[in-house]
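Me: I should like a close look at one part of this predicted model, beginning with a single residue and its strand and then moving outward to the surroundings. Please keep the account connected.

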Amino acid sequence: MDWFCELPNLTKTDPEIADLIKKEIGREEFGLQMIPSENFVSPALLEALGSVLTNKYAEGYPKKRYYSGFEFVDPIETVAIERAKKAFGVPHANVQPYSGSPANLAIYVATCNLGDTVMGLNLPDGGHLTHGWKTSVSGMFYKPVPYHVKEDGYIDMDEVSSLAQQHKPKLIWVGATAYAREFDFGAFAKIADEVGAYLVADISHITGLILSGAHKSPVEHVHLIMTTTHKTLRGPRGAMILVTKKGLEKDAELAEKIDKAVFPALQGGPHEHQIAATAVALGEAMRPEFKENGMQIVKNAKALASVLMHRGLKLVSGGTDNHLILVDLTPFGAGKGVFASEALEAARIFVNKNTIPKDPSSPFYPSGIRLGTPTLTTRGMKEGEMELIGGWIADVINEIKRYELPAKEERAEYLKKFRADIKSNSRIADIGTKVRNICSNFPFYFKN
Ligand SMILES: *Cc1c(COP(=O)(O)O)cnc(C)c1O
């Protein structure tokens with residue numbers, strides 16, 4: 001077994017943390033990790049991420065640093081930048097953002113003044129917090145005009161067009177965190193160009209699919225691209241901002257504006273261990289196996305969606321084009337997401353409770369669950385396994401239909417009773433055993 005499972009040094013010096021990390025490895029290995037923003041990185045990538053590069057201070061950019069000692073760190077960051085440019089076919093890449101949310105903030109700083117109008121997909125409709133939601137600085141410092149999905153679950157492009165004409169936003173986001181359909185980047189570009197807005201594709205969730213050819217690319221349509229390096233790209237937690245040729249045509253200084261917004265406006269020293277791991281992820285993403293994996297992620301999601309629907313579950317938009325599925329549990333009552341996600345967890349199936357469009361309940365007690373296929377595909381599962389897993393998920397959801405979310409003051413007591421019920425539910429326990437067995441047949445970190 002590799003060092004990252006054995007933790008030989010840490011086990012000696014800090015058994016408390018070593019023990020918890022080992023238990024987490026077991027949880028990941030012997031459970032179905034179906035939160036669609038998660039993935040399993042390769043053991044090779046973990047070696048770069050766990051390396052001594054974390055020791056190095058590196059404020060600035062390659063060849064433009066404030067400290068000494070860049071003989072090896074500069075080439076590492078340069079490789080990451082060049083691989084990003086090559087993988088996407090863009091003239092400029094910044095690989096320093098600590099994560100997706102700070103990267104999006106850098107984009108606001110580079111392109112907008114405080115109080116400017118920005119448009120993004122409404123959060124309960126699948127949009128991200130950083131696209132203008134009221135509790136995020138994006139909604140406090142800028143003036144958000146949200147667009148929505150239609151009754152059928154697809155983005156309402158007529159609304160996007162009329163809101164853009166009416167409000168003349170400085171920036172438009174295309175991208176989401178809980179949207180199962182393909183984005184029409186060309187249609188967004190037409191609207192953004194008409195009103196002179198910056199168009200930014202936030203492809204965090206679908207980058208791996210885009211690099212695999214399983215989702216169309218935004219590169220020729222947008223000015224900027226933000227992607228997290230975790231999620232389907234299968235890299236470390238982190239983010240990149242890419243400036244396209246079209247972006248430089250709109251604003252010749254866009255690349256410098258982005259670099260200055262990331263450092264020194266928002267960040268200090270970049271995380272070079274994370275950047276090295278990003279380079280490794282991009283190297284892996286340019287191999288043929290990665291493309292096959294991306295295609296299979298979508299095939300698996302479609303197979304899973306069809307089993308769930310066959311078992312009578314309602315999916316937002318009636319299916320999926322990508323790696324994720326949003327289940328609308330309102331036919332069994334409002335606020336069922338928490339019951340479903342906790343019961344599934346008891347069966348070692350990890351999904352997240354999620355709002356659905358026009359959710360009748362609240363974000364903390366939403367009426368849906370969101371699940372996806374990236375980690376299952378990374379460990380080698382195919383349509384046959386999806387059929388089994390979809391059946392187990394439907395079986396578990398069957399067990400929670402009879403619970404109803406009570407009024408606020410009774411919730412704590414009711415949920416306590418619910419948790420005790422699921423612990424002693426033998427059907428859920430049986431499914432948990434089946435899940436453990438299937439995971440043993442598709443080892444990932446434990447195969448060495
Ligand atoms: C995940 C995600 C982000 C934010 O990434 P963090 O690394 O969690 O800050 C931003 N936008 C979209 C669309 C995402 O899915």
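**From one buried threonine outward**

Reply: At 13% relative accessibility, Thr-117 counts as buried, because the cut-off for a buried residue is under 20% relative accessible area. The model is a predicted one. Thr-117 belongs to strand β5, which covers residues 117-121. Leaving aside residues up to four places away in sequence, Thr-117 is in contact with Lys-143, Val-145, His-167, Pro-169, Lys-170 and Leu-171.

One of these contacts, Leu-171, leads into strand β7. Strands β5 and β7 run parallel and are joined by two bridges; in one pairing, Val-118 has Leu-171 of β7 as its bridge partner. Strand β7 spans residues 171-175, and five of its five residues are buried, so the strand is largely enclosed by the rest of the structure. In a regular strand the side chains alternate between the two faces of the sheet. In β7, Leu-171, Trp-173 and Gly-175 point one way while Ile-172 and Val-174 point the other way, and all of them are buried.

Strand β7 is also joined to strand β8 (residues 198-202), by five bridges, and these two strands run parallel. Within that pairing, Ala-201 of β8 is the bridge partner of Val-174. Between the two strands the chain passes through helix α9 (residues 185-195), and this β-α-β crossover from β7 to β8 is right-handed.

A second covered strand is β10, residues 239-243, where five of five residues are buried. Its two faces are both covered: Ala-239, Ile-241 and Val-243 lie on one side, Met-240 and Leu-242 on the other, and all are buried. Strand β10 pairs with β4 in the antiparallel sense over three bridges, and Asn-94 stands opposite Ile-241 of β10. Strand β9 (residues 224-228) also pairs with β10 in the antiparallel sense, over five bridges; here Leu-224 stands opposite Val-243.

Strand β4 reappears in the second largest pocket, which holds about 370 Å³ of space. That pocket is lined by 21 residues, of which Tyr-61, Pro-62, Lys-64, His-92 and Asp-259 are the closest to its centre. The elements giving two or more residues to its lining are β2 (60-61), α5 (73-88), β4 (92-94) and α12 (254-266). By class, the lining has nine nonpolar, five polar and seven charged residues.

Two backbone features concern elements named for this pocket. Helix α12 contains Pro-264, and the peptide bond joining Phe-263 and Pro-264 is cis, with omega about 10 degrees. In the loop between β2 and β3 (64-65) lies Lys-63, which has a positive phi of about 70 degrees although it is not a glycine. Most residues other than glycine have a negative phi, and most peptide bonds are trans. Lys-63 counts as exposed, because its relative accessibility is 76% and the exposed class begins over 50%.

The largest pocket has about 880 Å³ of space. Among its 29 lining residues, Glu-28, Val-41, Leu-46, Leu-49 and Tyr-445 are the closest to the centre. Helices α1 (3-6), α2 (8-13), α3 (15-29) and α4 (43-49) are the elements that give two or more residues to this lining. Of these, α3 gives the most, with five residues. The lining comprises 14 nonpolar, eight polar and seven charged residues. Leu-7 sits in the loop between α1 and α2 and has a phi near 50 degrees, a positive value in a residue other than glycine. In contrast to Lys-63, which is exposed, Leu-7 counts as buried, at 12% relative accessibility.

A helix, finally, can be set beside the covered strands. Helix α15 spans residues 337-346, and seven of its ten residues are buried, so the helix is largely enclosed by the rest of the structure. The buried residues are Gly-337, Val-338, Phe-339, Ala-340, Ser-341, Ala-343 and Leu-344. The cover over them includes the strands β13 (349-350), β14 (352-354) and β15 (368-372) and the helices α17 (383-400), α18 (411-423) and α19 (426-441). Just after α15, Arg-348 takes a positive phi of about 65 degrees.

Notes
Residues numbered from 1 in each chain as written. Predicted model: local features only at pLDDT ≥ 70, side-chain atom pairs only at ≥ 80, totals over all residues. Heavy atoms only, no water. Helix = DSSP H or I, 4+ residues; strand = E, 2+ residues; numbered from the N terminus. Buried < 20%, exposed > 50% of the residue type's maximum accessible area, 1.4 Å probe, protein only. Contact = heavy atoms within 4.5 Å. Pairing = 2+ DSSP bridges. Right-handed = clockwise from strand over helix to strand, strands pointing away. 1 Å grid on protein atoms, 1.4 Å probe; cavity = no way out; pocket = protein on both sides within 12 Å on 5 of 7 lines; lining within 4 Å. Points joined across faces, edges and corners; volume = space filled by probe spheres on them. Nonpolar A, V, L, I, M, F, W, Y, C, P; charged D, E, K, R; others polar.
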